[in-house]
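Hi,

Here is the structure I promised to pass on. Have a look at it first, and my notes on the ligand site and the empty spaces follow below.

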Amino acid sequence: MSVSTLSPSLCDSLNDSFGIDQFIHFEEGPGGFALAHLHSEHGSASVSIYGGHVLSYQPTGHEPVLWVSEHAQYKTGKAIRGGIPVIWPWFGPDPLSLGRPSHGFARTSTWEVKSSQVRDNGDVELTLGLQESDATLTLWHHSFRAEISVVLSTALNVELSVINTGDHPFDYTGALHTYFNVSAIENVSIHGLEDASYIDQLDDMRIKEQAGAITFKEETDRIYIDSRATCQLIDSGLNREIRVEKAGSKSTVIWNPWIDKSKRMSDFGDDEWKTMLCIETANAGTDVITLNRGGQYMLSTRISAHHR
Ligand code: TA6
C-alpha cells in the first residue's frame, strides 16, 4: 500500500498504539501521509511520518517558528519544502555523482513510529525510526538504524541518532535542515557565527571568514565549519529572538535562495524568499562522521523563541 493512499485504519492504529489523549494525536495530513500533532501547555508541533519531518512548531504566545512553502509538494519521492527536512546520509549533491537524490534518502523515506510519551516534567516526545531496506540498499550499501526524536517542551528539541548495524565502517554527512519563518528578510540578522570560517557554496566552495553578524542582501548559501556555536536569529519585525542551540554538530548551514533561485524551484513561490531563511544544524562539507561497526552518533538541535 502506498502511504499516500492512507486508509483511515493506519491513523486509527497509530492512535491506538501511540496516541496520548490531549498530547499526541495522529490524523491524515497533506498528501495523505500520517501526521502526528503534539500539544502541551508550552505550544504545539506536527511531525509527518513521511521523511520523519517536523512540519510545524508554534510556542504558546508566539507566531509560528517554522516556515513551509505554500507550493510544497506532498508526494512520494519529493522532499517537503519547509519545516525540518532530515538530510542523511549525505548533505548536498550525490558525493559519488551516481545520480542519487540530493541530500540523501531519509527525507523521502516513510519512517515508522517507534514510541511516544509524556515525561514527568510535561515534555511530549515522539520517536520515529528508519533502517536499511531494499530501497535504501540500492542507494547506499550499508545497514543502519536511524531514529528521529521530537520533544516538545518550552522549546522544540529534534535529535537524529544513527547506529551502524553492519559489519564495516561507513562515513556520512547530514543535517536538520530547518526553515524559519521571518517577518521580512531585511529585518533579520544572525549572531553567533561572527568568528567562524565558512565554505561559500556560491563561490567555488572557497573558504572565507565571517565578519560580524550575518545579514541578507543576495542569495546566501554557506556551510560554517568546525563551529559548535549557538545561533541567535534576531527578527526586529516580530520583536523576537529565535535561539538555535545544537549538539553533535560541527557545521551550521545558512541559506536564503533570494530571487533567481526561488524562481527556479517549482515548489517555492517566487516571493517566498522574503519571509524565510534556513539555519541548519549539520555535519556537512569537511565535517564528516565516521561510524565503525556498532558505532552510534547523535546530532540534535534545540529551537526556542524569546520575546524582545
Ligand atoms: O541548505 C543549503 C542547500 O544545500 C542549498 O544549496 C539548496 O540546494 C538547499 O539546500 C535546498 O536543497 P533541496 O534539495 O531541498 O532543494
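The shell around the ligand is made up of 3 nonpolar, 4 polar and 5 charged residues. Keep in mind that this is a predicted model. If you want to pick the shell out on screen, select Arg81, Phe91, Ser102, His103, Arg107, His177, Gln201, Asp221, Val253, Trp255, Lys261 and Glu280, which surround the ligand.

Some of those side chains come within polar contact range of the ligand's oxygens. Glu280 has a polar side-chain atom 2.6 Å from a ligand oxygen. For Arg107 the distance from a polar side-chain atom to an oxygen of the ligand is 2.8 Å, and for Lys261 it is 3.4 Å. How much of the ligand does the protein bury? On its own the ligand would expose 380 Å², and 84% of that is buried by the protein.

Now the pockets. The ligand takes up the space of the largest pocket, whose volume is about 500 Å³. There are 25 residues lining this largest pocket, and the closest to its centre are Arg81, Ser102, His103, Arg107 and Lys261. You will recognise those names, since Arg81, Ser102, His103, Arg107 and Lys261 are also among the residues surrounding the ligand. Sorted by class, the lining of the largest pocket holds 10 nonpolar, 8 polar and 7 charged residues.

The second largest pocket has a volume of about 400 Å³. Its lining has 23 residues, with Pro89, Trp90, Pro95, Leu96 and Thr173 the closest to the centre. The class split for the second largest pocket is 14 nonpolar, 6 polar and 3 charged.

Last, the enclosed space. How many cavities of 30 Å³ or more are there? The count comes to 1, and the largest cavity has a volume of about 50 Å³. Lining the largest cavity are Leu160, Val162, Tyr172, Gly174, Asn283, Tyr297, Met298 and Leu299. Two elements, β9 (156–164) and β22 (296–307), each give two or more residues to that lining. The largest share comes from β22, with 3 residues. As for chemistry, the lining of the largest cavity has 6 nonpolar and 2 polar residues, and no charged ones.

If you only have a minute, start with Glu280, Arg107 and Lys261, whose polar side-chain atoms lie 2.6 Å, 2.8 Å and 3.4 Å from ligand oxygens.

Cheers

Technical notes
Residues are numbered from 1 along each chain as its sequence is written. This is a predicted model: local features need pLDDT of at least 70, side-chain atom pairs count only at pLDDT 80 or more; totals for chains, interfaces and linings use all residues. Side-chain values use heavy atoms; hydrogens and water are left out. A residue is near a molecule or strand if one of its heavy atoms lies within 4 Å of it. A polar contact is a pair of N or O atoms within 3.5 Å; within protein, one must be able to donate a hydrogen and the other to accept it, and residues adjacent in sequence count only if both atoms are side-chain atoms. Accessible areas come from the Shrake-Rupley method with a 1.4 Å probe; for residues, only the protein chains shown count as cover. On a 1 Å grid over the protein atoms alone, a cavity is a set of points where a 1.4 Å probe fits but cannot get out, and a pocket is an open set with protein on both sides within 12 Å along at least five of seven lines; lining residues have an atom within 4 Å of a point. A molecule sits in a cavity or pocket if more than half of its atoms lie within 2 Å of its grid points. Ala, Val, Leu, Ile, Met, Phe, Trp, Tyr, Cys and Pro count as nonpolar, Asp, Glu, Lys and Arg as charged, and the others, Gly among them, as polar. Grid points are joined across faces, edges and corners, and a volume is the space filled by probe spheres set on the points. Helices (H or I, at least four residues) and strands (E, at least two) are DSSP runs, numbered from the N terminus.
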